[in-house]
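Trainee: Please take me closely through one part of this model, the helix packing, but begin with the ligand contacts.

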Amino acid sequence: MSKHHANFIAGEWVASAEASRNVNPSDTNDVVGEYARASAADVANAIAAAKAASHGWARSTPQERHDVLRRVADEILARKDELGRLLSREEGKTLAEGIGETIRASQIFAFFAGEALRLAGEKIASVRPGVEVEMTREPMGVIGIITPWNFPIAIPAWKIAPALCYGNAVVFKPADLVPGCGWAIAEIIARSGLPKGVFNLVMGRGSVVGEAILKSRDVHAVTFTGSAATGRHVAATCAGRMAKFQLEMGGKNPLVVLDDADLKTAVECALNGAFFSTGQRCTASSRLIVTEGIHDRFVAALSERLAGVVVDDALKAGTQIGPVVDQSQLDQDLDYIRIGTQEGAKLVSGGQILNRATPGFYLAPALFTEATNAMRISREEIFGPVASVIRAKSYDEALAIANDTEYGLSSGICTTSLKHASHFKRNAEAGMVMVNLPTAGVDYHVPFGGRKASSYGPREQGRYAAEFFTQVKTSYILA
Ligand code: UN1
């Protein structure tokens with residue numbers, strides 16, 4: 001019998017009738033644990049507790065907020081190997097990636113521990129004599145946090161830490177598929193000295209838990225990362241009741257490779273951006289837009305590199321790419337590989353299921369060439385280790401193709417030309433631009449987010465996070 005991991009509501013661990021089995025995608029015989037599935041009534045209790053606790057926490061001192069966030073940061077860092085291992089075991093990214101993400105989560109809590117001490121307002125002279133005007137930031141109240149399975153510790157951290165830092169209460173729903181790291185964070189927060197009810201964990205299905213959070217009038221703001229389809233539903237539901245919302249959704253990120261690129265840099269950027277973390281990142285490069293003069297050399301070098309990549313159990317030493325997260329994601333990847341071939345793209349590497357020592361969802365990273373930007377594989381987010389090379393005649397054509405997408409999260413270019421790099425930085429229609437770097441893998445202390453169908457609302461992370469997690473008050477006084 002594996003341990004039942006309960007929900008955390010109003011400062012108590014609350015077991016539930018229903019539970020999910022958290023299965024290791026590298027070895028489906030390995031059950032990570034049983035995790036509670038909250039009922040609508042559990043969620044209502046969590047929201048009521050958050051509401052009741054929110055007023056007290058809104059008046060907490062910067063020192064209290066700092067101390068709580070600092071303790072959480074310290075414990076995550078001290079347990080990075082264990083938590084990183086849990087992450088890789090439940091999600092399937094490699095141990096190095098799992099530990100790296102855990103360190104990032106700790107750094108995010110530490111960053112916001114510092115920010116808690118720096119929250120400031122503004123005071124300016126009024127246009128009227130004797131009047132003073134002051135702008136302050138106040139907490140939103142209760143924040144609903146809904147996170148995806150692909151970054152099970154970093155994304156919860158970058159939503160929970162600023163929510164608490166700016167004086168809000170939290171109702172947190174991790175992904176039903178991968179709840180282990182979310183539960184582990186909750187267990188750490190439960191011992192951090194935070195007053196009861198300020199932080200609540202409600203695990204379970206989107207259709208039950210997510211819905212209850214979206215529809216409650218007592219949740220003042222919802223921050224969501226996940227699919228574009230669910231994001232639209234979050235937007236419609238929140239807008240319908242005038243709640244604030246912030247969405248981070250898909251991407252169809254381009255990596256442009258120009259004739260003058262350093263070939264080795266370009267190949268490493270493509271390999272990392274398209275295939276590491278099994279390509280399961282909204283920042284993954286799925287369109288490799290390559291100019292004629294370097295096209296064949298780039299394809300040859302990337303194919304050679306892919307042939308040597310080790311796809312295996314996420315926890316095994318030497319593994320470079322872990323399994324796909326589950327059967328339905330694997331089916332989606334295989335569907336797109338079939339679609340790409342039918343559309344006339346040429347599969348030059350990978351794309352087939354791999355057998356390893358344990359039963360898992362292993363897929364050889366797939367590389368298409370001769371793709372056009374009109375194909376479905378170039379327009380729809382696949383969310384797996386699948387990338388396509390699209391030929392471009394010139395830099396101008398490459399830029400036009402890069403921008404011809406409904407998404408706009410991260411755009412990359414590999415070039416040694418200052419002129420093209422500068423032009424691309426100014427003209428890429430994306431929230432983030434990477435020059436000679438992979439499109440994925442971002443810093444934790446600067447804003448994260450995209451344009452067009454990729455994101456909605458204020459940026460996440462860094463000091464810009466205050467925009468979503470606070471509301472501005474302008475006060476006038478005649479002295
Ligand atoms: C990264 O590329 O470092 O869901 C982070 C995602 C993104 C996070 C990407 N929100 O993939």
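**Ligand contacts and helix packing**

Mentor: In this predicted model, a backbone N or O atom of Val442 lies 3.1 Å from an oxygen atom of the ligand. Gly441 also offers a backbone N or O atom, at 2.9 Å from a ligand oxygen. With Thr283 the contact comes from the side chain: one of its polar atoms is 2.5 Å from an oxygen of the ligand. There are 13 residues around the ligand, and those that come nearest are Arg104, Asn150, Cys282, Thr283 and Gly441. Of these, Arg104 falls within the residue range 95-116 of helix H4, which leads to the helices.

Two packed helices are described by the angle between their axes and the distance between the axes. Take H2 (residues 62-78) against H4 first: the angle is about 165 degrees, and the axes are 8 Å apart. Because angles over 145 degrees count as roughly antiparallel, H2 is roughly antiparallel to H4. The crossing of H2 with H4 is left-handed. On the H2 side, the contact uses Pro62, Arg65, His66, Leu69, Arg70, Val72, Ala73, Ile76 and Leu77. H4 contributes Thr102, Ile103, Ala105, Ser106, Phe109, Ala110, Phe112, Ala113, Gly114 and Ala116. Sorted by class, the residues are 13 nonpolar, four polar and two charged.

H4 also packs with H3, and there the axes come within 7 Å and cross at roughly 120 degrees. That angle makes H3 oblique to H4. The crossing of this pair is right-handed. From H3 the contact draws on Lys80, Asp81, Leu83, Gly84, Arg85, Leu87 and Ser88, and from H4 on Leu95, Gly98, Ile99, Glu101, Thr102 and Ile103. Five of these residues are nonpolar, four are polar and four are charged. Thr102 and Ile103 of H4 therefore take part in the contact with H2 as well as the contact with H3, where contact means heavy atoms within 4.5 Å.

H3 (residues 80-91) has a further partner in H6 (residues 180-190), packed at about 155 degrees with 9 Å between the axes. These two helices are therefore roughly antiparallel. Leu83, Leu86, Leu87 and Glu90 of H3 meet Gly180, Cys181, Ala184 and Ile188 of H6. The residues of this contact comprise six nonpolar, one polar and one charged. Leu83 and Leu87 are listed for H3 in the contact with H6 and again in the contact with H4.

Definitions and conventions
Residues are numbered from 1 along each chain as its sequence is written. This is a predicted model: local features need pLDDT of at least 70, side-chain atom pairs count only at pLDDT 80 or more; totals for chains, interfaces and linings use all residues. Side-chain values use heavy atoms; hydrogens and water are left out. Axes are lines fitted to C-alpha atoms, for helices over the stretch in contact, and angles run from 0 to 180 degrees between N-to-C directions. Helices (H or I, at least four residues) and strands (E, at least two) are DSSP runs, numbered from the N terminus. Angles under 35 degrees count as roughly parallel, over 145 as roughly antiparallel, 65 to 115 as roughly perpendicular and the rest as oblique. A crossing is left-handed if the near helix is turned anticlockwise from the far one by less than a right angle, and right-handed if clockwise. Ala, Val, Leu, Ile, Met, Phe, Trp, Tyr, Cys and Pro count as nonpolar, Asp, Glu, Lys and Arg as charged, and the others, Gly among them, as polar. A residue is near a molecule or strand if one of its heavy atoms lies within 4 Å of it. A polar contact is a pair of N or O atoms within 3.5 Å; within protein, one must be able to donate a hydrogen and the other to accept it, and residues adjacent in sequence count only if both atoms are side-chain atoms.
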